[in-house]
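Q: I am new to this structure and would like a close look at a single part of it, with the surroundings added where they help. Please take it step by step.

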Amino acid sequence: MQKTQAQTSSAVEPKIKKRPILFVDRDGTLIKEPEDYIIDSYHKLRFLPGVIIALSQIQAAGWDIVIVTNQDGLGERYSWDDFNGPHELMLEIFASQGVTFKEVFIDTTYRHQGAPTRKPEIGLVAHLKDDPTIDWERSAMVGDRITDAQFAENLGIGAFLLASSDPNLHCGTWVWPQISQHLLADRPVPKAQQEITAAKDLGAQV
């Protein structure tokens with residue numbers, strides 16, 4: 001029997017396989033934030049407990065991982081050369097353990113400038129909204145500041161706010177092993193507004 005044009009088109013129509021993205025902050029999320037909030041030398045590079053194995057498990061389970069970080073005054077307060085050394089070493093150590101980042105987005109503006117590329121704004125990643133291969137329902141943001149959850153809310157995804165040893169931050173309660181277990185069990189990602197409200201209850205400042 002001869003197939004109609006409609007039947008033929010339907011039969012060969014490709015199905016797009018979607019992958020969720022785990023957006024991650026950098027300082028205070030992947031690596032510990034020093035007292036001066038600038039990682040401009042190798043001796044300041046320290047990984048958060050459990051982050052490497054957690055991201056390895058999450059990536060192996062089908063997530064792409066994207067770094068989105070605010071680096072206030074990079075190129076002005078401290079040089080790109082000083083930043084790049086520890087940053088590239090961080091990426092190399094992750095890669096040696098099977099963790100690769102699909103993209104790395106860095107905003108270098110200050111908060112008072114109100115740039116559309118600075119978290120919690122989504123200017124750096126807005127183009128991804130048009131990518132049909134991204135599973136937005138399962139995507140999430142992980143960070144240590146309330147602005148990370150606000151970024152997630154602006155992007156329309158869920159969020160995990162990490163517990164922090166920084167006395168100036170009282171944002172979240174999550175640790176990396178919990179996050180990997182949560183995602184691998186395919187549990188619903190916490191809503192960003194839920195994390196924002198919880199952070200404010202803990203005394204976090206916007």
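Which unit do β2, helix α3 and β3 make, and of which hand?

A: Since this is a predicted model, what follows describes computed geometry. Strand β2, helix α3, which spans residues 80-96, and strand β3 together make a β-α-β unit that is right-handed. The two strands of this unit, β2 with residues 64-70 and β3 with residues 103-107, run parallel and are joined by five bridges. A place to find this pairing in the model is I67, which stands opposite V104 in β3. As a general point to keep in mind while looking along the strands, side chains in a regular strand alternate between the two faces of the sheet.

Strand β2 also has a link to an earlier part of the chain, through D64. The side chain of D64 meets that of R19 in a salt bridge, with 3.1 Å from N to O. Because D64 lies in strand β2 while R19 lies in the loop between α1 (5-12) and β1, this pair ties together parts that are 45 residues apart in sequence. The two partners can be told apart by their exposure: D64 is buried, because its relative accessible area of 14% is under the 20% limit, whereas R19, at 33% relative accessibility, counts as partly exposed. In general, side chains of opposite charge can pair when their charged atoms come close. The salt bridges in the model number eleven.

Another of these salt bridges is found at R138, whose partner is D186, and here the closest N and O atoms are 4.0 Å apart. R138 belongs to the loop between β3 and β4 (140-143) and D186 to the loop between α5 (176-184) and α6, so this pair ties together parts that are 48 residues apart in sequence. R138 counts as partly exposed at 31% relative accessibility, while D186, with a relative accessible area of 55%, is exposed. To return to β2, salt bridges that share partners join D64, R19 and K102 into one network.

A further salt bridge leads to K44, in the loop between β1 (21-24) and α2 (51-60). The side chains of K44 and D40 meet with 2.9 Å from N to O; D40 counts as partly exposed at 24% relative accessibility, but K44 is buried, with a relative accessible area of 17%. The side chain of K44 also makes a polar contact of 2.6 Å with the side chain of D36, and a polar atom of the K44 side chain lies 3.0 Å from the backbone oxygen of I38. Leaving aside residues up to four places away in sequence, K44 touches K32, P34, D36, I38 and I39.

Finally, helix α6, residues 192-201, offers a view of a helix with a buried side. Its residues A192, E195, I196 and A199 are buried. Seen down the axis of α6, the buried residues fall within an arc of 100°, so they line one face of the helix. As a general rule, an α-helix has 3.6 residues a turn, so residues three or four places apart point the same way. The cover over the buried residues of α6 includes α4 (146-155) and β5 (158-161). Just after α6, G203 takes a positive phi of about 100°.

How values were computed:
Residues numbered from 1 in each chain as written. Predicted model: local features only at pLDDT ≥ 70, side-chain atom pairs only at ≥ 80, totals over all residues. Heavy atoms only, no water. Helix = DSSP H or I, 4+ residues; strand = E, 2+ residues; numbered from the N terminus. Polar contact = N/O pair within 3.5 Å; in protein donor to acceptor, adjacent residues only side chain to side chain. Contact = heavy atoms within 4.5 Å. Pairing = 2+ DSSP bridges. Right-handed = clockwise from strand over helix to strand, strands pointing away. Buried < 20%, exposed > 50% of the residue type's maximum accessible area, 1.4 Å probe, protein only. Arc of directions from axis to C-beta.
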